[in-house]
Amino acid sequence: VPATTIFNDIFFTDEVNGYLVGNNDVVLRTQTTTLAGDDYGTGSWAVMPVSDGLNGQLSPANGTFHINAIAMTSSTNGTLGGWFNNTTTSSIPKVYARKLRDESGLYSTYFYYDRLGRIVASQNTRQFNETPKKYSYTLYDGLGRVFEAGEKAENTTPTQQFNSIFGAVVNYFTNPNVIDDTKLQTWVNDVTGNRSQVTRTQYDVPETTAVAPTFPTGFTQDNLRKRIASVFYYENYSATTPILDYAHATHYSYDIHGNVKTLLQDNRKLATNSTFAGFTQASEQFNRIDYTYDLISGNVHEVNYEKTKHDQWSHKYTYDADNRITDVSTSTDHVIWDKDAKYFYYAHGPLAR
């Protein structure tokens, strides 16, 4: 803050926490304040971070922006008032007022919800202290299903900062505290803030343009309506990221009852052959797990990992007439089975041993 800054008002919410405001959009708050006695204290002032929407963040271009007054209704909420003059539009000063919310140092994690009460963003202490600041975010489709979640770094575009997502029309009135879905999507899509650790979910239909043609022979995705088809994980993602740039994925196929009959693990980092000590390791991009169910009870009869492959592993389950599991067997060739567990029950139902 320049030494020539003119300060206009001061407000303390208690004995040690206060705010000082002045010209050129300056807002200071106390820090490291300690009481030295009953009537006075010692400490210092610090500029409030830009991410709080102050200190030039909202100043009009080519103009002045002065804060003349501040009042706090609680320890975290208050109001700023003053005037600004944008010389590109008019030489007549205009009055303004805006809300101040300062919750720094009070919480370890902050959660944000949309107008339907669904969590759409959050920020923990680690994310708050990073440069640029980061947020966890969640996006929903038209049916309320999560289709993307990840971590978003704050944008460098001045008009697309996190605080720009607030302000939505609710019951014909604009509520400045409600997150607008379109503004949230715009903030997430802004490429000046990186998206990382992104999980994207595909519903209802397989991704046929690029992913499905890479599937191993014999794997098809069936009965996908209203179900998850694939889940993709990206280290970094943007709207222009090719779909095949995912790090790993899981693909699903269902039986007519909605049970997962085949699960395909897809790790693209293992997609190429590798050679070590003269031996060539073939691609291990895909690992398949098949499930067999009882048509009436829905009990799992078998789980087969990489069936017919060299590293296959199978589990087989047996149940009694009351659908209680009685035997568990495993096999490495689906021919010779080893009994790994047997269950005994009391006549009145509970497990005995």
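Let me start with the side chains of S136 and Q127, which are joined by a polar contact of 2.9 Å, and I should say at once that this is a predicted model. S136 lies in strand β10, residues 134-140, and because its relative accessible area is 24%, between the 20% and 50% cut-offs, S136 is classed as partly exposed. If we leave aside its neighbours within four places in sequence, S136 is in contact with V120, A121, S122, Q127, G150 and E151.

Of those contacts I would like to follow S122, which is found in strand β9. S122 and S136 stand 14 residues apart in sequence, and their C-alpha atoms are 5.2 Å apart in space. Is S122 buried or exposed? With a relative accessible area of 13%, S122 is buried, whereas S136, as I said, is partly exposed. Not counting residues up to four places away in sequence, S122 touches Y110, F111, Y112, Q127, Y135 and S136, so Q127 is a residue that appears in the contacts of S122 and in those of S136 as well.

Let me turn now to the nonpolar interior. The largest nonpolar core has 25 residues, and the members that touch the most others are F162, L184 and W187. The elements that give two or more residues to this core are β9, at 119-124, and β10, together with α2 at 181-189, β14 at 195-203 and β15 at 228-237. Apart from this core lies another, of 10 residues, which includes V27, F65, Y96 and L100. As for W187, its contacts beyond four places in sequence are Y135, Y137, K152, E154, N155, Q160, Q161, F162 and I165.

On the surface, by contrast, I10, F12 and W45 make a nonpolar patch of about 280 Å². W45 has its place in strand β4, residues 41-47, and it counts as partly exposed, at 35% relative accessibility.

Next, the charged pairs. How many salt bridges does a search of the whole structure find? The search finds 18, and I will go through a few of them. R145 forms a salt bridge with D204, with the closest N and O atoms 3.0 Å apart. R145 sits in the loop between β10 and β11, the latter at 146-153, and D204 in the loop between β14 and β15, so the pair ties together parts that are 59 residues apart in sequence. D204 itself counts as partly exposed, at 29% relative accessibility.

R288 and D290 form another salt bridge, in which the closest N and O atoms are 3.0 Å apart. Here R288 is partly exposed, with a relative accessible area of 25%, while D290 counts as buried, at 17%.

In a further salt bridge the side chains of K342 and D327 meet at 3.3 Å, N to O. This pair links distant parts of the chain, since K342 is in strand β24, residues 338-342, and D327 is in strand β23, residues 325-331, with their positions 15 residues apart in sequence. K342 is partly exposed, at a relative accessible area of 43%, and D327 is buried, at 11%.

Finally, R126, E130, K134 and E151 are linked in a network of salt bridges, and E151 brings us back to where I began, for it is one of the contacts of S136.

Technical notes
Residues numbered from 1 in each chain as written. Predicted model: local features only at pLDDT ≥ 70, side-chain atom pairs only at ≥ 80, totals over all residues. Heavy atoms only, no water. Patch = residues over 30% accessible without salt bridge, like charges linked within 9 Å, V, L, I, M, F, W, Y side chains within 5 Å. Areas by Shrake-Rupley, 256 points an atom, 1.4 Å probe, with all protein chains shown as cover. Salt bridge = Lys/Arg side-chain N within 4 Å of Asp/Glu carboxyl O. Helix = DSSP H or I, 4+ residues; strand = E, 2+ residues; numbered from the N terminus. Buried < 20%, exposed > 50% of the residue type's maximum accessible area, 1.4 Å probe, protein only. Contact = heavy atoms within 4.5 Å. Polar contact = N/O pair within 3.5 Å; in protein donor to acceptor, adjacent residues only side chain to side chain. Core = buried A, V, L, I, M, F, W, Y, C linked by side-chain atoms within 4.5 Å.
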